[in-house]
Amino acid sequence: MNNFLFVAAENDALENCKAGGMGDVVRDVPRQISERGDKVHVVVPAYSRLHHGGLPRTTLNFSLRGMAYTAELYEVKPKKEFPNIFHYVLHHPEIEAGDIAHIYHNDPEEPFYTDAIKYIIFCTAVAEAIKQGAFGDVDIVHLHDWHSSLLLFLREYHIEYTNLKDIRIVYSIHNLAIQGIRPFDGNYSSVKNWFPSVPLDYQKLMDYRYQDCINLMAVGIRFADAVHTVSPSYKEDLLLPSSPPEFIGGEGLEKDLQKADQEGRLFGILNGCNYKNINKEKKGNIYRNTVKALFRWLQEESKKYKADFLAHTGEKIMAYVDENPKFIASSVARLTEQKFYFFMRSPEAFVEILKRLEKVDGIFMLLGTGAPEYEELFRKLSYEHKNFIFTNGQSEKLIDSIYLESDLYFMPSLFEPCGISQMLAMRNGNPCLVHHTGGLKDTVEHMKTGFAFDGESYDEKISSMIQTLDEVLNVFENDKPTWKKIQSAARRKRFTWKKSADEYYKLLYKLD
């Protein structure tokens, strides 16, 4: 029996421990490992909240900043129990909940300042737990994004954790754009402050663009035994330099990724999607679930500043309770540059989309929260356009209804490492209109399982997006047999975690 340890910032197997797609992966891959008869431990930070009600497992003593630090490891109950999967959270007072999903901090003045501190403490405590045997004899450690890559730094440079050199460590890149860059010195959140006695190889650790800084994403790529991107096409994108906004590629790390590829350490493996034990909403609940969510948010103190807007959305949605629109286009996503750059830079293109939908008695439903400037843009557009329903909040029931009842799922991501939304929409027979990039290339085939737009220049992409929507609406209105064929092809498509895990075992874990 092989013994695995997953180290990550998110784990959707636990309540309230997810901000994005990484949480899904950290939930689902261990289940595949369990089905193979192997054992897996999953550890995430407690964020000053997830350890409540947990079972204290061990106290961890280690040194940081030339001082003694103590952290506690708790075993916690997951949402669903599976054999041979053990879930843990690590508590230390400085590992605090952030303002993004009560996980990440958003430091506008100094990006990653607070997160670097909490993940340095977290990773050092995990290294100590491995050394103490808190997870048994570990064969494979699987790290996820920059938040956990410091374990590779400790393996490489810290005299206390040379034992990590005996363990195979693999590293998954979920989003290369977020790299965890911090100064080497002269800052409370710098490497030298936290590890004053550890000798640093500045050449091997530095960010090429900011040479007085460590790049923790680069640390993962440079030192892991295997590096993994969450789709094959995202891997190919990352080997090329970025040329924004037309193309988002290696984001300054393409040389590191090319080197890993040449050394046979870089693999693109598509994420899977869950097709079992799915929470099913009843058809016909989409407007009811919107209204329920709006009424709940109206009572929350934190939503008071947008109470007028929530009431406005409720009034709009009531118009569709009695008389349903003939076509629903939808999006569910965090409101960020990655997901909606095209609409922020070209709001007039979004207005064109709404006009075209209006002609077929269609509406656009968008659900999400995120960057203030994006929330503001979509609230403004909602006031101006009656067929745009912007639900500015989060609701699992409503999300399930949107995936189930939409006619078209819109995913115009500027770049997309893999994407889970398009898989969830397709699972419900909901064709997607996507930007032909990253994992969206690997999952949506134009005019077969959905629709895709692209272009050499930014203007070409915008033009292609509008033209492809025209194509979608033309098929929907005038060619029902083709529309039904695309729907059923989308529904039949299977991106299974079993297939992904087979490749993990063979390429990443080297266990086949």
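Modeller: Quick ground rule before we dig in: buried means under 20% relative accessible area, exposed over 50%, and partly exposed in between, using a 1.4 Å probe and protein chains only. The model is predicted, so local features need pLDDT of at least 70 and side-chain atom pairs count only at pLDDT 80 or more, while totals for chains, interfaces and linings use all residues. Residues are numbered from 1 along each chain as its sequence is written, and side-chain values use heavy atoms, with hydrogens and water left out.

Colleague: OK, helix α19: which exposed residues sit on its other side, away from the buried ones?

Modeller: Helices (H or I, at least four residues) and strands (E, at least two) are DSSP runs numbered from the N terminus. In α19, residues 497–508, the buried set is Trp-497, Ser-500, Ala-501, Tyr-504, Tyr-505 and Leu-508. Those cover an arc of only 140 degrees around the axis (taken from the directions from the helix axis to the C-beta atoms), so they lie on the same side of α19. Exposed on the other side are Lys-499 and Lys-506.

Colleague: How far from the ring centre of Tyr-505 is the charged end of Arg-36?

Modeller: Tyr-505 is one of the buried residues of α19, and what covers that buried set includes β1 (3–7), α1 (21–35) and β6 (140–144), where contact means heavy atoms within 4.5 Å. A charge counts as over a ring if NZ of Lys or CZ of Arg is within 6 Å of the ring centre and within 35 degrees of the ring normal. Arg-36 has its charged end over the ring of Tyr-505, and the distance to the centre is 4.9 Å.

Colleague: What's the phi of Lys-510, just after that helix?

Modeller: Lys-510 is in the segment after α19 and counts as partly exposed because its relative accessible area is 48%. Most residues other than glycine have a negative phi, and most peptide bonds are trans. Lys-510 has a positive phi instead, near 55 degrees.

Colleague: And where's the cis peptide, i.e. which residues does it join?

Modeller: Look in the loop between α7 (232–238) and α8 (254–262), where Pro-245 is found. Omega there is about -5 degrees, and the cis bond joins Pro-244 and Pro-245.

Colleague: Let's talk hydrophobics. Which helix gives the most to the largest nonpolar core?

Modeller: A nonpolar core here is a set of buried Ala, Val, Leu, Ile, Met, Phe, Trp, Tyr and Cys residues joined through side-chain atoms within 4.5 Å. The largest has 98 residues, and Val-43, Phe-153, Phe-195, Ile-221 and Tyr-509 have the most contacts inside it. With 11 residues, the top contributor is helix α2 (residues 113–132).

Colleague: How many residues are in the other core, the one apart from it?

Modeller: Its members include Ala-333, Phe-415, Met-465 and Ile-486. The count for that core is 43 residues.

Colleague: Now the rings: why is the pair of Phe-309 and Tyr-383 classed the way it is, and what is the class?

Modeller: Rings of Phe, Tyr and Trp (its six-membered ring) pair if their centres lie within 6.5 Å; planes under 30 degrees apart count as stacked, over 60 as edge-to-face and the rest as tilted. The structure holds 38 such aromatic pairs. For Phe-309 and Tyr-383, the centres are 5.6 Å apart and the planes are at 80 degrees, so the class is edge-to-face.

Colleague: How many residues apart in the chain are those two?

Modeller: Phe-309 is buried at 2% relative accessible area, whereas Tyr-383 is partly exposed at 48%. Phe-309 belongs to helix α10 (residues 307–322) and Tyr-383 to helix α13 (residues 372–384), which makes the separation 74 residues.

Colleague: Sanity check on α10: how far apart are its end C-alpha atoms?

Modeller: The expected span is 1.5 Å times one less than the number of residues. The 16 residues of α10 should therefore span 22 Å, and this agrees with the end C-alpha distance in the model, 24 Å.

Colleague: Last one: is His-91 buried or exposed?

Modeller: His-91 is found in strand β5 (residues 85–91). Beyond its neighbours within four places in sequence, His-91 is in contact with Ala-46, Ser-48, His-51, Ala-71, Glu-72 and Tyr-74. Its relative accessibility is 15%, so His-91 counts as buried.
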